[in-house]
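Colleague: Could you take me slowly through one part of this model, the long central helix and whatever packs around it? I would like a connected account rather than a list.

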Amino acid sequence: FILACAFGVGLLATLYFLPYGQYKSHVWYSFAISSLQAGVIINFGLGWLNLIPVPPLDGSKILAYFLSPRLAAQYLQIGRYGFIILIVLLATGLLGMTLGPLVRWSATLLFGALGLM
């Protein structure tokens, strides 16, 4: 999430110091703007993906912290099936339906906070 914010600040700095009207016809300018926007989206996507509570992702460790020790141990044992679960979520489209709105909301919030919307 910090890296996504860093890309957002980089985008803001680029637009501030290199105004769109002066450089819009340059290929490198549109590449830089697109790359910084993609950096925001990709890093928010990876951040939210990592918080999904499916072992071995970090979200499972956060959830396990709030469970009783016995229940947490049982829950974390499904870690050997975690990647299979993630592939099933990806194949069924549930992963995209979950992450898409979170990524859009995060990017919109960041761009709005930076005054880019």
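Modeller: A residue is called buried here when its relative accessible area is under 20%. By that cut-off, and bearing in mind that this is a predicted model, the buried residues of helix H3 are Tyr29, Ile33, Leu36, Gly39, Val40, Asn43, Phe44, Gly45 and Gly47. Helix H3 covers residues 27-50, and at 1.5 Å a residue its 24 residues should span 34 Å, which agrees with the 34 Å between its end C-alpha atoms.

The buried residues of H3 pack against H1, helix H2 (20-23) and H7. Taking H1 as the starting point, H1 and H3 pack at an angle of about 160 degrees with their axes 7 Å apart, and they are therefore roughly antiparallel to each other, since an angle over 145 degrees counts as such. The crossing of H1 with H3 is left-handed. On the H1 side the contact is made by Leu3, Ala4, Phe7, Gly8, Gly10, Leu11, Thr14 and Leu15, which meet Tyr29, Ile33, Ser35, Leu36, Gln37, Gly39, Val40, Asn43 and Phe44 in H3. Sorted by class, this contact of H1 with H3 holds 10 nonpolar and 7 polar residues, with no charged residues. Several of the H3 residues named in that contact, including Tyr29, Ile33, Leu36 and Phe44, are also among the buried residues of H3.

H7 (residues 94-113) is another of the partners of H3, and its 20 residues should span 28 Å at 1.5 Å a residue, which agrees with the 29 Å between its end C-alpha atoms. Within H7, the buried residues are Leu95, Leu99, Gly100, Val103, Ser106, Ala107, Leu110 and Phe111, and these pack against H1 and H3 as well as helix H6 (82-92). H1 and H3, then, which pack against each other, are both partners of the buried residues of H7. Just after H7, Gly115 takes a positive phi of about 80 degrees.

For a further helix pair in the model, one can turn to H4 (residues 58-66) and H5 (residues 69-76), which pack at an angle of about 160 degrees with their axes 8 Å apart. The crossing of H4 and H5 is right-handed, whereas that of H1 and H3 is left-handed. In the H4 and H5 pair, Ser60, Leu63 and Ala64 meet Ala72, Tyr75 and Leu76.

Key
Residues are numbered from 1 along each chain as its sequence is written. This is a predicted model: local features need pLDDT of at least 70, side-chain atom pairs count only at pLDDT 80 or more; totals for chains, interfaces and linings use all residues. Side-chain values use heavy atoms; hydrogens and water are left out. Axes are lines fitted to C-alpha atoms, for helices over the stretch in contact, and angles run from 0 to 180 degrees between N-to-C directions. Helices (H or I, at least four residues) and strands (E, at least two) are DSSP runs, numbered from the N terminus. A crossing is left-handed if the near helix is turned anticlockwise from the far one by less than a right angle, and right-handed if clockwise. Contact means heavy atoms within 4.5 Å. The expected span of a helix is 1.5 Å times one less than its number of residues. Buried means under 20% relative accessible area, exposed over 50%, partly exposed in between (1.4 Å probe, protein chains only). Angles under 35 degrees count as roughly parallel, over 145 as roughly antiparallel, 65 to 115 as roughly perpendicular and the rest as oblique. Ala, Val, Leu, Ile, Met, Phe, Trp, Tyr, Cys and Pro count as nonpolar, Asp, Glu, Lys and Arg as charged, and the others, Gly among them, as polar.
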